[in-house]
Amino acid sequence: MSNEIVKPEDAGCLAVTTIQKGFESPIHPEDLIFPRAKLIQGLSPEMQDVESAGKYRVGMIINSLTKEELPKEFIRIFFWKIWVWFNSRDIKDEENFDPHFKPGDIIWTSNDEHDPRVVEQACFGSHGEKPKAITFFNFMAHFTDITTPLVISFSKTSLKAGKQLLSMAKLSGLDMWGCKYNLTSTMESGAGATFAIYAVSLVGRVTPEEYNLCENLWSNFSPQVKNIKVQDVSDVPF
């Protein structure tokens with residue numbers, strides 16, 4: 001491999017080299033915060049920013065770090081689930097609002113399905129009560145022409161697309177990164193609102209170069225998946 005420097009404008013993110021100098025001290029996944037694919041909604045901060053007027057639209061998918069629109073094509077690298085309980089945004093919601101936290105703050109998060117909080121609060125109740133904790137299907141992913149891997153998080157109304165993506169991976173008989181997909185969005189209405197949700201579609205098999213790149217990312221990060229931190233996890237799509 002070449003030691004040629006990849007310029008930020010070419011990589012679409014941070015500059016990297018094959019051997020990065022200055023990182024001699026060990027760096028672990030828990031030391032990093034990975035950017036994520038962010039689905040723009042009507043109330044997203046980007047839509048409220050006066051200086052960004054006209055740049056963003058509902059349904060656009062951007063890099064949460066660079067704020068630039070992502071290419072559609074991506075390759076899954078590995079998968080994991082987390083559960084998050086957010087404080088209610090309604091201070092009058094006595095059952096779900098904790099006055100020790102701000103509205104919408106994260107009360108707790110867990111990546112252990114056996115965690116008593118997950119067992120108790122991430123499942124539907126005996127009478128159909130909705131779970132208090134939100135389930136996230138997370139995929140570390142490589143997007144075409146983007147050097148830095150990103151995390152795609154599926155939750156709430158987009159969870160169905162996440163389950164489809166996981167099912168297609170498992171049932172293909174290939175490694176997780178054996179195929180590439182398009183990540184797009186579609187509009188949906190419910191509870192008196194219209195919002196964007198994720199949609200995924202198969203593109204085809206990866207190239208040998210893409211396979212090797214994703215296998216290296218898998219080798220580097222998947223062993224420490226439970227320590228991975230994702231940027232801006234509190235900004236949950238519908």
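Which element of the protein has the lowest mean pLDDT, and which the highest? This is a predicted model, and helix 1 sits at the bottom with a mean pLDDT of 37, while strand 3 (residues 61-63) is at the top with 96. Over residues 1-17, pLDDT stays under 50, and for this stretch the model has 26 contacts beyond four places in sequence. For the protein as a whole, the mean pLDDT is 85, with 89% of residues reaching 70 or more.

Let us turn to the interior. In soluble globular proteins, nonpolar side chains tend to be buried together. Here the largest nonpolar core has 44 residues, and F74, W80, F143, I152, F154, L183 and Y198 are those with the most contacts inside it. Elements that give two or more residues to this core include strand 6 (134-143), strand 7 (150-154), helix 4 (159-172) and helix 5 (208-221). Strand 4 supplies the largest share, eight residues.

To see this core from one side chain, pick I152. Leaving aside residues up to four places away in sequence, I152 touches A37, F74, F137, N138, F139, A141, F143, L183 and Y198. A second core, separate from the first, has seven residues, among them W83, W85, V118 and A122.

Now for the surface. F23, I27 and L32 form a nonpolar patch there, and together they have about 260 Å² of accessible area. I27 belongs to the loop between helix 1 (8-11) and strand 1 (33-34). Is I27 buried, exposed or partly exposed? Its relative accessible area is 45%, so I27 counts as partly exposed.

Note on methods
Residues are numbered from 1 along each chain as its sequence is written. This is a predicted model: local features need pLDDT of at least 70, side-chain atom pairs count only at pLDDT 80 or more; totals for chains, interfaces and linings use all residues. Side-chain values use heavy atoms; hydrogens and water are left out. A nonpolar core is a set of buried Ala, Val, Leu, Ile, Met, Phe, Trp, Tyr and Cys residues joined through side-chain atoms within 4.5 Å. Buried means under 20% relative accessible area, exposed over 50%, partly exposed in between (1.4 Å probe, protein chains only). Helices (H or I, at least four residues) and strands (E, at least two) are DSSP runs, numbered from the N terminus. Contact means heavy atoms within 4.5 Å. Patches are made of residues with over 30% relative accessible area and no salt bridge: like charges are joined within 9 Å, nonpolar side chains (Val, Leu, Ile, Met, Phe, Trp, Tyr) within 5 Å. Accessible areas come from the Shrake-Rupley method with a 1.4 Å probe; for residues, only the protein chains shown count as cover. A salt bridge is a side-chain nitrogen of Lys or Arg within 4 Å of a carboxyl oxygen of Asp or Glu. pLDDT is the predictor's confidence in each residue, from 0 to 100.
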